[in-house]
Structures are given as structure tokens and as C-alpha cells.
Amino acid sequence: MTTKHPHQDADPAASPPPPPSRRPRGLASAAASSPAPALRSGEREKERTKLRERHRRSITSRMLAGLRQHGNFPLPARADMNDVLAALARAAGWTVHPDGTTFRSSSLSQPLLPPPAQFQGAFQATSVETPAFTNHLNSYAIRTPLDSQASGLQTDDSLSLSPSSLDSVVVAEQSIKNENYGNSSSANSLSCMDSDQLMRASAVWAGDYTRTPYIPVYASLSMGIINSYCQLVDPEAVRAELRHLKSLNVDGVVVDCWWGIVEAWTPQKYEWSGYRDLFGIIKEFKLKVQVVLSFHGSEKCGSGDVLISLPRWVMEIAQENQDIFFTDRVGRRNTECLSWGIDKERVLRGRTGIEVYFDFMRSFHMEFRSLSEEGLISAIEIGLGASGELRYPSCPEKMGWRYPGIGEFQCYDRYMQKNLRQAALTRGHLFWARGPDNAGYYNSRSHETGFFCDGGDYDSYYGRFFLNWYSGILVDHVDQVLSLATLAFDGAVIMVKIPSMYWWYRTASHAAELTAGYYNPTNRDGYSPVFKMLKKHSVILKVVCYGPEYTVQENDEAFADPEGLTWQVMNAAWDQGLSISVESALPCLANEMYPLILDTAKPRNDPDRHHVSFFAYRQQTPFLLQGNVCFSELETFVKCMHGEATQKFVD
């Protein structure tokens, strides 16, 4: 029996009035109230609202960061408009009580007391009542260590710091308050500083690095001194090189131990003879050694134009199974290092990737244990990815990448895809088991892609899932390798180097960092999870410091900010309690480079007295052997690092 609609084929006058309709309930109510297209439209509007709110918060965070960093305003972590107004009023000389009572401070009319006679040379003022003197004291009294590290930044561009760095600013401000610096007036701040603090601040400001912490300086040796058969090529040339470095008063040298040379021909057969001879010569000059265990290949050539690649037996395995390498979206294999997808897969002649690394580290420790006990080997750096850095090989030049391309995700080998599929299945969205299809190519720009552009898919539900998984693989890899490294080296000092993907840092997505494995957009801290893992294993973090030619430039199409990234990374590491070492790979042809590195290594006016543990200069030795080139500048720089220099650099 078919029931007709009351308004179909019926006489309106003859038909009885329809019964009153009931209001649908539950799911029926939702279905009747709005059709499916309207529902989808509402969801899209909610998503857009969330994106707008995140963008607004990001802008607010940057503004507050700028006020804290460049204006020295002690704003709380969750500052509102009242906090900003109060800080501005106090900076103008007004007194603001917690209840809002505001009045002009009577202390402004009172003259300031002059500093002691021994400090007057450090302040460029003839009258203590001049504004110049007040501003000068303010720069000493209330600047945080973060100010000094970012002092070279442009004011307009430096506000593009990640909100994750704001915690470091708040910690520094709390430390200043705990040290009784009081309010922001220059007189009160000066009276709270003891003579040692004031002398140290004035000395560093003037370029005098005496009485500053001693920081050991290391210089790298040439990569080609060991050939592909693990033989020391020219011992006398090595001695000449070490003699020159010794004249610069460096503390030691950096030596790369290549997996592709030591375990080149047969699995678990290690040849260390060349490195044994090299360490013996270094011992003659009473220098320390920082060893870098390089589990990657190098596109640079060593002696005799021999390319340093992965071990031959690994390349033989790759002829039958190319999925042991990182793979991009179109299927190109990167043979520089092994994929992290095989960390737990027994595809390397019965061993997993983690077991191969552990066997190599254990062999090194057994071979050179006596040198470690003697103190010749001061630290061991573990290579964890491309170029020995903890990152995906997202920007390979042999694939055509050129700066400032955003790079590509490296997760398309069989084992990584298997892991991604399992993660999507666990999340309950199997259709998310794929890489982004709108992330561009190696040389794309951030704004040219649908994934990395402002408001792009990187911040969608799928984008957040994928980036969490992609960066999580990196954290898992470092955890597994370092767990075995601490067993293999039995208490030795271990270092890990992280990359400096500074281009596109002044955009919302930070595309270059995302493809490298660091989930660090403006609305998220991508480094703290990594640093927590490094702290768990008590390792030293190594960061790269760039010269003045890499600072923020106007009309920079790459939106680069190396200083801003270094500022975020170092303070996030110090917040986690990590020790830091600094590495520079730039030639020392410009005097502007030295103050920048010194400011990074020894932050000025840091209430917690933070400083780096080591400094490594990675410039190749043929340049260093030119004694007439910047020799005196290098010598002075080393003395400054040692806390012995009494002069500043002169252009």
C-alpha cells in the first residue's frame, strides 16, 4: 500500500487538514535541518575560522616577541593589552601599580649617581643625566641573553621568530627578576649588578674577552688524508698541517671516520690502520681529537679524486633492493645514506640498519679505547642522516636542487610507506597513507605550492597527521641510534649535529624545515621534541653558525633568517639543559664574521652565564695553510675564544 503525500492529487477543500508535524529529533533533526552541502560548507567555515585565529595568534606572538627582545619589555607569558600599556608607561618613566593606579614617577627629577671611576671608561658619556647614558645603562641592565644573540638582526625582519622561542624569553626575564634587577630603570638596575657582572659586561661590550669562559677551538683536517683503502696518504703533509694549527693555539682537530672506507669491502670487517697512524701523529703535537663517525657518503672527492660512497657491499645489496635508500615522490633514490625505514628491517646481510651502526661504533671503541682513556679523543660525533646531520636528504644537489628550493619529502621507499600505512590505519584514516600530492618539487617556492603556502594543507587535519608522522620517524631514529651509542662508547662525550634550514624561515610554514623533518611552523615548536630526546641520552648539540653575508636581506626571495633560527635553536636547547657546540664552515676573509660567532658562543649579559662547550672550524686546510691570509685575525679569534684577548677586531 502506497501512501500519497497530502498535497498530491487531492482536493484541498475535501481533504481533511494534515496532522500537526512533529519536530524531528536526533539524527533525523540534523538531516532535516540542513542538507549535506550546507553541512560541508559549515565545516569549511569552521576550518577557515581556526586558520584565521592561528594566524592572528601568530602575529600577536611575533609582536610580543619583538617588544620583549628589542624593547626590553618584561611582558608575562600571556600578556594582554593592559600588560603592554603598563610596560610602555613604565618605559616612559611612569609608575604603574598592580591595581592600575598610574602616576608620573618623582624619581625622574633626581640625578643619578655616577658609576665608579674604574667603570667610567666603559660608558661613553660625560654627564650621568644625559639620555645617552641612560640608554647605555639600559642596554646592560635589562637585556637578556636572547637580545645579544639576535643583536645583528634587522628590527623589521627579526619578528618572524617562532612562538616556540617565546618560552625562552620568559625564562630569561624570570631569571633577571630572580637576580633582583628590579624594575627597568637604569639606576636601579645598575645598583643591583655587582662589580664582577658590570666589569664583565663592559669588557665584552668593548671587545675585550678577557675573564670570559674558556671555549676550546677545533679545526678540521682535510678529508683526503685517508684514501679509500684506509691508508694515510702523506704523513709529512699532515705534520705540516698540524704544526700550522698548533701555532694558532687551537685545542684540537676534527677527523671524519668514514663508514664507506673502514667497512668498505666485507660486512663486519673493519680496517682502521690509516686512522691509527693519523691519531699517532696528532698525539705527537699534544692536540685533542673530535671524531665524526660518518655513516653517509660524500659528493666531494678526496685524494686522487676518489669519491667517498657507502660501503661496496651495501651498494651490491642496493642492486637488488633499492628501497634501502631514501626515495622521493617520483621514485628517485638517494644513495647518500640509508633510509630510516630499514632501522628494524633485516635487509643488510641479516642485520638491521641499527645493528650495522652499532657494530661499527663498537669496533671503533674497541680499537681506540686506550686513546679515549688517555684523553686524546675528547668527543665523538654520530652521523645521523644526510651530510652527517640529523635530517632527511630533502635538498640533494645531485637531484637538481638549488638554493632556495623547498626540497621534497623523502618517504616513498617501501619500508617508509609501510610505516605510514600502519600509522594511518592506527589513526583510523587509511586514505591518509600517502605523501602530499601538492607539495611541489625540489626547486619550488613556498608560495607556489598548495601544501606550504599561507593557509595551505600543511595545517589541515591530514597535513598535521603527516608532518607529525614524518618528524616522529626522525625522533625515533635518533632515539634508537643513541641508545646503542651510549652502550658502545661507555661514558664518552657524544655529539649530534642538527641542520640549519634557515631559508623560508620568515614564512608561516617553514617549508625547508618541514621537508628536512623538523615540524617547526610558526604555530608549533619543532625542536623541543628532538632536544628532549637528546637530553635523555645526555649528548652535546652541535649547531652551525653563518657569517654576515647570510643575515636577513631586504627583498630576500627566500625569506631566510639564519640568525633567527640559530636564536630559536640555541635557546630551546638551553631550556632543555643541553650543552651546545658551534660549528662554522665559512672562510674567515671578513672581520665581521668573528664578532658574530663570539656573540653566539659567549652571549652578552646572560644572567645564567650560558656559553658553548666547543667551537669547530670546518674550513678546509689548504686555506688555513696560507699563513699570510687572515693569520693574525684567526689568532686573535682563538684568543678571544680562550678568554685571553685584550683587543677587538679592527676593520
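**Exercise 1. Find which residue of β9 stands opposite Glu381, then work out how β8 sits among its neighbours.**

Start with the pair itself: Glu381 stands opposite Met495 in β9. A word on the material: this is a predicted model, where local features need pLDDT of at least 70, side-chain atom pairs count only at pLDDT 80 or more, and totals for chains, interfaces and linings use all residues. Residues are numbered from 1 along each chain as its sequence is written, and side-chain values use heavy atoms, with hydrogens and water left out.

Next, the strands (DSSP runs of E, at least two residues, numbered from the N terminus). β8 (residues 377-382) and β9 (residues 494-497) run parallel, joined by 2 bridges; pairing takes at least two DSSP bridges. Strand β5 (residues 288-294) also runs parallel to β8, with 5 bridges, and here Gln290 stands opposite Ala379.

Last step: 5 of the 6 residues of β8 are buried, so the rest of the structure largely encloses this strand. Buried means under 20% relative accessible area (1.4 Å probe, protein chains only).

**Exercise 2. Describe how helices α13 and α16 cross.**

Helices here are DSSP runs of H or I, at least four residues. The axes, lines fitted to C-alpha atoms over the stretch in contact, of α13 (residues 353-367) and α16 (residues 461-489) come within 9 Å and cross at roughly 25°. Angles under 35 degrees count as roughly parallel, so α13 and α16 are roughly parallel to each other.

Now look at who touches whom, with contact meaning heavy atoms within 4.5 Å. Residues of α13, including Tyr357 and Phe358, meet residues of α16, Leu484 and Leu487 among them.

Definitions and conventions. Buried < 20%, exposed > 50% of the residue type's maximum accessible area, 1.4 Å probe, protein only. Axes fitted to C-alpha atoms, helices over the stretch in contact; angles between N-to-C directions. Parallel < 35°, antiparallel > 145°, perpendicular 65-115°, else oblique.
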